[in-house]
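Here are my notes on the model you sent over, set out as numbered points. I hope they help as you look through it.

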Amino acid sequence: MSGPIASLRRVWTTDPRQDPNPLVYFVLAVTAVAYPIWAQASTDGQGDFLISVLADAGVYVLLALGLNVVVGFAGLLDLGYAAFFAIGAYTYAFLASEHLVVTPLHTAVHLPFWIVLLIGLFVAAGFGVILGAPTLRLRGDYLAIVTLGFGEIVPRIFKNLGEWTSGVNGIAALDKPQLPLWIQGPWSGDPFAVVQDFKIIGSLGFYVIMVLLVGLCIVLVNNLRVSRIGRAWMAVREDEVAAAAMGVNTVRIKLLAFAIGAAFSGFAGSFYGAKLSLVSPENFGFTVSITILVMVVLGGMGNIGGVIVGSLLIYSIIFLFLPALPPLAESWATSLGFGSLVPPDGDWPGIGQEVQRLKFLIFGLILVLTMLLRPQGLIPSRARQQELVAGVHDEPVIEDLEAEPSDR
């Protein structure tokens, strides 16, 4: 009990202007618990879609937490992060489905969901080490180009290895997670009962799993941040030459960051494959890597709470707000007396179709305005906020008071 009580005391005693993270974590925890209740109550028991949407958003939260280790803590620009996401998803597809029957192995593998989660984590981390070992001696733009190439290669390998991956058709009918014991009741729309060997199919079960996984990952990342490894990452981020001069093995510490970030991505990919029950190379393109990077930068690089908020915000804009914008535009035009803009007329496709064409332009404008108003991110780390507020100043000049005036 002392842990939760201490956390609540910290929320009330900490000034949010100095350290908003305790308040952010408290709000996120309360929201995570209350959201399923609100979703079911507001839709008369038909809130499964809303719950499923937030479970999907949790996948992007996991991805952003992992990329924050690479970009926010260690200062490495990774533009191929979706490749590890694909590796984790395909690992789950191979080890938890009938798919291997139609491959040269001709033998199906059905490992439990919880074991494959860990296997996907270690497989993705292994590929992170394989990629990072020969390339992390590079810096800046050169490292970004190498990771970009890796991110483009991996989905194409899965796409072209049709004998093993079914190509563009992907792998379907993946195993669902299963629990040895589960209690169902009115919260799931069922009579109260204890169920053995419960197979998780409904959105609420996936939501609960995702909340637990995100909570576990937040604790792990926060412990890494305050550890000696975390301090070494931040030293490399601030000045790699100075960190090396102080005895930090910069190559090894960057490789560790790369492997841990890849592990988070593979972890999220395994959950994604289990929930969707389908993996396809089309779901792991370059836009996924850029979207995750935008979440990290917009939320606040290096700050765990800010990254979570940025992830949820960007996910809501891309997957909820922008798809709903065309019908909203038609409704707004009609209510404001501009009903003539709704139907097509000659070259005019109608306001709904026009907004559909321009939705990513609108998304870009939202990002530009946000970064102009909050260049440090929505909830930045205190170090980055101080850097941007203080700015860059010239080195102080120390004058030699004993020198002759002509020598000064």
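**Notes on the predicted model**

1. Let me begin with one residue, Thr370, which sits in helix H15, covering residues 359-373. Please bear in mind throughout that this is a predicted model. Thr370 has a relative accessibility of 18% and counts as buried, because the cut-off for that class is under 20%. Beyond its neighbours within four places in sequence, Thr370 is in contact with Leu298, Pro375 and Leu378.

2. Which helix supplies Leu298 to the contact with H15? Leu298 belongs to H12 and, together with Val294 and Val297 of that helix, meets Leu367, Thr370 and Met371 in H15. By class, this H12 and H15 contact holds five nonpolar residues, one polar residue and no charged ones. Thr370 is the polar one, because Val, Leu and Met are all in the nonpolar class.

3. Now for the geometry of that pair. Two packed helices are described by the angle between their axes and the distance between the axes. Helix H12 (residues 286-299) packs against H15 at an angle of about 30°, and the axes are 10 Å apart. The two helices are therefore roughly parallel, since the angle is under 35 degrees. The crossing of H12 and H15 is left-handed.

4. Stepping back to the whole chain, there are 16 helices and six strands. Of the 408 residues in the protein chain, 42% are buried. Among contacts with a separation of 6 or more, 68% are between residues 24 or more positions apart.

5. Tyr207 gives a good local view of such contacts. This residue is found in helix H8, and at 5% relative accessibility Tyr207 counts as buried. Leaving out residues up to four places away in sequence, Tyr207 touches Thr31, Ala32, Tyr35, Pro36, Ile51, Leu54 and Ala55. The C-alpha atoms of Tyr207 and Val53 are separated by 9.0 Å, although the two residues are 154 residues apart along the chain.

6. Are H2 and H8 roughly parallel or roughly antiparallel to each other? The axes of helix H2 (residues 21-42) and helix H8 (residues 203-226) come within 11 Å and cross at roughly 165°. H2 and H8 are therefore roughly antiparallel, because the angle is over 145 degrees. Their crossing is left-handed.

7. The residues behind that H2 and H8 contact are worth displaying. On the H2 side they are Tyr25, Thr31, Ala32, Tyr35 and Pro36, and on the H8 side Leu204, Tyr207, Val211 and Ile218. They divide into eight nonpolar, one polar and no charged. The polar one is Thr31, because Tyr, Ala, Pro, Leu, Val and Ile count as nonpolar.

8. Helix H5 is another one to look at. It spans residues 113-135, 23 residues in total, and reaches 33 Å from its first C-alpha to its last, close to the 33 Å expected at 1.5 Å a residue. The buried residues of H5 are Phe113, Val116, Leu117, Gly120, Ala124, Ala125, Gly128, Leu131, Gly132 and Thr135. An α-helix has 3.6 residues a turn, so residues three or four places apart point the same way. What covers these buried residues includes helix H4 (82-95), helix H6 (140-160), H8 and helix H11 (250-276).

9. H11 also packs with helix H9 (residues 228-238), at an angle of about 110° and with the axes 10 Å apart. H9 and H11 are therefore roughly perpendicular to each other. From H9, the contact uses Ile229, Ala232, Trp233 and Val236; from H11 come Thr250, Ile253, Lys254, Leu256, Ala257 and Ile260. Eight of these residues are nonpolar, one is polar and one is charged. The charged one is Lys254, because Lys is in the charged class.

10. Finally, two backbone angles that you may want to check. Which value does phi take at Ser166? It is near 65°, a positive value in a residue other than glycine. Ser166 lies in the loop between helix H7 (162-165) and strand S3 (171-172), and its 27% relative accessibility makes it partly exposed. Ser277 also has a positive phi, of about 60°, although it is not a glycine. This serine is in the loop between H11 and strand S6 (278-279). Ser277 is buried, with a relative accessible area of 16%.

Note on methods
Residues are numbered from 1 along each chain as its sequence is written. This is a predicted model: local features need pLDDT of at least 70, side-chain atom pairs count only at pLDDT 80 or more; totals for chains, interfaces and linings use all residues. Side-chain values use heavy atoms; hydrogens and water are left out. Helices (H or I, at least four residues) and strands (E, at least two) are DSSP runs, numbered from the N terminus. Buried means under 20% relative accessible area, exposed over 50%, partly exposed in between (1.4 Å probe, protein chains only). Contact means heavy atoms within 4.5 Å. Axes are lines fitted to C-alpha atoms, for helices over the stretch in contact, and angles run from 0 to 180 degrees between N-to-C directions. Angles under 35 degrees count as roughly parallel, over 145 as roughly antiparallel, 65 to 115 as roughly perpendicular and the rest as oblique. A crossing is left-handed if the near helix is turned anticlockwise from the far one by less than a right angle, and right-handed if clockwise. The expected span of a helix is 1.5 Å times one less than its number of residues.
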